Amino acid sequence: MTMKWFLFLDDERTTTQIFGEYHRKMPVEVKNLPIFVAKNVDEAVNATVKLGCPSFVSFDNDLGYQIPEGVDFAKWMIDAWIDERIELPADFAFNVHTANVAAAVRIESLMSGYLRCVRGG
């Protein structure tokens, strides 16, 4: 069985800044999961390869100047699921917390679209 964990992808902010003090705004099913904070896509990919697919991901998009973005990690995850390099947890969920509205729509569309296809919804 793969470990359940929460991946927070953001180069500047903390989980507290996004989900509030004591993580009050965090989904209930995520509150007790171990959290891995990735500051860039390489760290997110490496953690996912090492630990298996997270049960929950919170995406920032703009991770620094001229480096891969949160949307690139979303694409990597989908490719890895399709190629069966990582297993999609039945309870997988995600959040998009980027301030970049256009990127938020792209990440949401990619992830939701893929999940609808594989879950039949």
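Here a colleague questions a modeller about a predicted model.

Colleague: In what order do the four strands of the open sheet lie?
Modeller: The sheet is open, and its pairing is parallel. Its edge strands, S2 (35-38) and S4 (93-96), each pair on one side only. Read across, the order is S2-S1-S3-S4.

Colleague: By how much are neighbouring strands of this sheet turned against each other on average?
Modeller: Take the sheet of four strands with parallel pairing. Direction is ignored for this angle. The average turn between neighbouring strands is 15°.

Colleague: Which residue in S4 stands opposite Phe 59?
Modeller: Start with strand S3, residues 56-59, which runs parallel to S4. Four bridges join S3 to S4. Opposite Phe 59 stands Val 96.

Colleague: Which strands does helix H3 touch?
Modeller: Helix H3 spans residues 70-82 and packs on the sheet. Its direction makes about 150° with that of S3. The strands touched by H3 are S1 (6-9) and S3.

Colleague: Which element gives the most to the largest nonpolar core?
Modeller: This core has 27 residues. The elements giving two or more residues are S1, helix H2 (41-51), S3, H3 and H4. With eight residues, the top giver is H3.

Colleague: Which residues is Met 77 in contact with, leaving aside neighbours within four places in sequence?
Modeller: Met 77 is among the residues that touch the most other members of the largest nonpolar core. Phe 59, Phe 92 and Met 111 are also in that group. Beyond its neighbours within four places, Met 77 is in contact with Cys 53, Pro 54, Val 57, Phe 59, Ile 86, Phe 92 and Met 111.

Colleague: How many residues does the other core have?
Modeller: This core lies apart from the largest one. Among its residues are Phe 6, Phe 8, Phe 19 and Phe 56. Its count is eight.

Colleague: What covers the buried residues of H4?
Modeller: Helix H4 (residues 101-119) lies across S3 and S4. Its buried residues are Ala 103, Ala 104, Ile 107, Met 111, Ser 112, Gly 113, Tyr 114 and Leu 115. An α-helix has 3.6 residues a turn, so residues three or four places apart point the same way. The cover over the buried residues of H4 includes S3, H3 and S4.

Colleague: Which residue caps the N-terminal end of H4?
Modeller: Look for a side-chain oxygen by the backbone nitrogen of Ala 102. The two atoms lie 3.3 Å apart. The capping residue is Asn 100.

Colleague: How far does H4 reach from its first C-alpha to its last?
Modeller: H4 has 19 residues. At 1.5 Å a residue, 27 Å is expected. The model comes close to that, with a reach of 26 Å.

Conventions
Residues numbered from 1 in each chain as written. Predicted model: local features only at pLDDT ≥ 70, side-chain atom pairs only at ≥ 80, totals over all residues. Heavy atoms only, no water. Pairing = 2+ DSSP bridges. Axes fitted to C-alpha atoms, helices over the stretch in contact; angles between N-to-C directions. Contact = heavy atoms within 4.5 Å. Core = buried A, V, L, I, M, F, W, Y, C linked by side-chain atoms within 4.5 Å. Buried < 20%, exposed > 50% of the residue type's maximum accessible area, 1.4 Å probe, protein only. Expected span 1.5 Å × (residues − 1). Polar contact = N/O pair within 3.5 Å; in protein donor to acceptor, adjacent residues only side chain to side chain.
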